[in-house]
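Please read this briefing with the sequence and the three-dimensional view side by side, and look up each named part as you come to it.

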Amino acid sequence: MTNRLFGSFARYLALGFFVAIVAYPLLLIVSTSVKDPLDVTANPFTLFSSVSLQNFVDAWTLGGFGGYFWNTVLITTLTLVGTVVLSVLAGYALARLYLPGKNIIFLLFILGLMIPFFAMMIPLFYELKAMNLLGTHAAVILPALAGATGFGVPLGVFLMRAFYMDLPEELADAARVDGAGEFQVFWRIMLPLSGPGVAVLAVLVFFQTWNVFILPLLYLPGSENQMLATGLYLFASGRTAEIELAAAGSLIMVLPVVIFFLIFQRQFIRGLTAGAFK
Amino acid sequence: MQTRTGDDATRAAAPRQKQGATGHESALRRQQMKYAILFIAPGLAVYLVFMVYPFLNTAYLSLTNWNGVAETKDFVGLANYTRMLGDGIAWKAFSNNVIWVILGTVAPVAVGLFEALLVWSGARGSLFFRTLFFLPFVLPLVVVGIVWQWIYNPLFGVINEVLDSVGLEGLSRGWLADPHTALYAVLIAAIWGASGFCFLILHASLQNVDMSTVEASMIDGANWFQRAWRIIIPQIAPQLTMVTTVTLIGGFSVFDIVFVMTGAGPGHASEVLSTYTYKTAFQQNEAGYGSALAMLITVLSLVSTVIFVRLRERQR
């Protein structure tokens, strides 16, 4: 089915224009990351004038990006698991279990979705400081769970509650008639069905936590335990030389997300549409 | 199902069915309530400790002149807010945010829509275009900021090189160092990134457009603009509104890309409310005033959210 919205030639011209604008910066990152360091001084931004993979090794070791990478993996994984577990539990309870006042609790969670991070930023710093958590992984994980990235328990509860409310009640009722206790109903019936909802939530949380910048900037002073986004900034800011390492570091940061996106495209899109409905 | 041969504990925990409906129901409710509390408590606890309590604290701090280290926090009433009204930098930051909200919402949506319409035919190479046009959004803003810094580089960046090569050297400049262009230069980089998101959503929504209506209008002789405006866009209106809302609400909290590309400089040329809040609270150690600024950001975000949600509901 050809779309005759635009004439063919005009369409390809316009497409070419957008492709150039979108692709150029992407190519620039890749090109700079594989460029020989000597070439960088001479022709910093000529595309693909030389190819060398040494930059990735150097960025990983000398640039500290290896350390940033593993910190990011650790923090993202813990945040992901924590958010999913807490959201599944609370979401299920709010959707399916009897509790007077549970709608007020749900409303409380929703309010958290509307408040920007800056409304918590300052006292959180002193709170974490008082708990001696500044500079530790927990300094990012705990606020992230609470929703500092916008994609924590509040959003998770919202999504999982909606998900569980959509599940048919008959299976659970049948189990109860058979004598199953509430925990059995949850553990053996509802939980195994949670896959699709959890997948969407997991994709969103992974994406946002992996890329988080301001949380580590504030609560992980310096480069110890630092994450990729902030580490990259600390490495690149004020540095006019060694941009090939910054580019390589950028790719180290970006590639996992791109690969993840290519594999989980459908969940990604579903997640973005659902998450954006808050 | 294993419940029939389940162990004694399960049988004991199951609500008895001998009694009348009320007895059975209240036993069930009690059991459910027990688990409800158990299940909700951990998530609620984290949320209360690390989000609700700090938020209430910000509201409180905004009424003090605390500097972050002093033992006591002196209550100063609305002094911070009056100070904000007279603070030239705060006004500059606010106006920058307004510019950002307007341009930074219209442009990515328009670009995303245009790209989606261009790619819409579903013909050759659609997967390639779909992936390519979405990629800018996948990049973290730090990376977007850094690569666009290279593009804006006064000596070697591609923009000045292109300008020089076509004889427009007069236009070449340090785009991020010039107070008149700094904010817009950062904004363009942000638009480049954000349009990826708009493109993806709108491209997906275009799949649901009824082609027969488009073809009918073509037979009636409508040109491309009329077809887009009158036939296609109304059919994707919900997603269009959603995409606009999401982009717009983020406009008052924009931080990462401004911070990375210009540090809100030169001077305060590209200052936005979030960077100003950050500097005030953490570099100038004025936790009280910074909290007041943070409350301002919150109010602005909330107001724009409410306005847009109302608009969306009116559409339905």
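The points below go from chain A to the contact between the chains, then to the nonpolar core and to parts of chain B.

What is shown here is a predicted model, and every value below was computed from it. Chain A contains 15 helices and zero strands, and its contact with chain B takes 79 residues from chain A and 82 residues from chain B.

**Chain A as a whole**

- Taken along the principal axes, the box filled by the C-alpha atoms of chain A is roughly 75 × 60 × 30 Å, and 48% of the 278 residues in this chain are buried.
- If we consider the contacts in chain A between residues at least 6 apart in sequence, we find that 73% of them join residues at least 24 apart.

**The two domains of chain A**

- The domain assignment splits chain A into domain 1, residues 8-52, and domain 2, residues 64-275, and the C-alpha centres of these two domains lie 34 Å apart.
- Where the two domains of chain A touch, eight residues of domain 1 are in contact with six residues of domain 2.
- On the domain 1 side of this contact in chain A, helix 1 (8-33) and helix 2 (37-42) each supply at least two residues, and the largest share, four residues, comes from helix 1 of chain A.
- Sorted by class, that side of domain 1 of chain A has five nonpolar, two polar and one charged residues.

**Where chain A meets chain B**

- Helix 1 of chain A also matters for the count here, since the largest share of the side of chain A that touches chain B, 11 residues, comes from this helix.
- The side of chain A that touches chain B has, by class, 62 nonpolar, 11 polar and six charged residues.

**The largest nonpolar core**

- Which residues touch the most other members of the largest nonpolar core? Of its 169 residues, they are A:Ala93, B:Val186 and B:Ile257.
- Helix 8 of chain B, residues 182-206, gives the most to this core, with 16 residues.
- When its neighbours within four places in sequence are left aside, A:Ala93 is in contact with A:Leu99 and also with B:Tyr35, B:Ala36, B:Phe39 and B:Ile40.

**Chain B: domains and a pair of helices**

- Chain B is divided into domain 1, residues 1-44, and domain 2, residues 79-315, and the centres of these two domains of chain B, taken over C-alpha atoms, are separated by 51 Å.
- The axes of helix 9 (residues 211-219) and helix 10 (residues 224-235) of chain B come within 10 Å and cross at roughly 145°, and this crossing is right-handed.
- Helix 9 of chain B makes the contact through B:Thr213, B:Val214, B:Ser217 and B:Met218, while helix 10 of chain B does so through B:Arg227, B:Ile231 and B:Ile232.
- By class, the contact between helix 9 and helix 10 of chain B has four nonpolar, two polar and one charged residues.

**Chain B: helix 13**

- Why can helix 13 of chain B, residues 273-283, be called largely enclosed by the rest of the structure? The reason is that eight of its 11 residues are buried.
- The buried residues in helix 13 of chain B are B:Leu273, B:Ser274, B:Thr275, B:Tyr276, B:Thr277, B:Tyr278, B:Thr280 and B:Ala281.
- Helix 13 of chain B is followed by B:Asn285, whose phi is positive, near 55°.

Technical notes:
Residues numbered from 1 in each chain as written. Chains lettered and ligands numbered in written order. Predicted model: local features only at pLDDT ≥ 70, side-chain atom pairs only at ≥ 80, totals over all residues. Domains from an automatic or database assignment. Contact = placed C-beta atoms within 7 Å. Nonpolar A, V, L, I, M, F, W, Y, C, P; charged D, E, K, R; others polar. Core = buried A, V, L, I, M, F, W, Y, C linked by C-beta atoms within 7 Å. Buried ≥ 20, exposed ≤ 12 C-beta atoms within 10 Å, placed from the backbone. Axes fitted to C-alpha atoms, helices over the stretch in contact; angles between N-to-C directions. Left-handed = near helix turned anticlockwise from the far one by under 90°.
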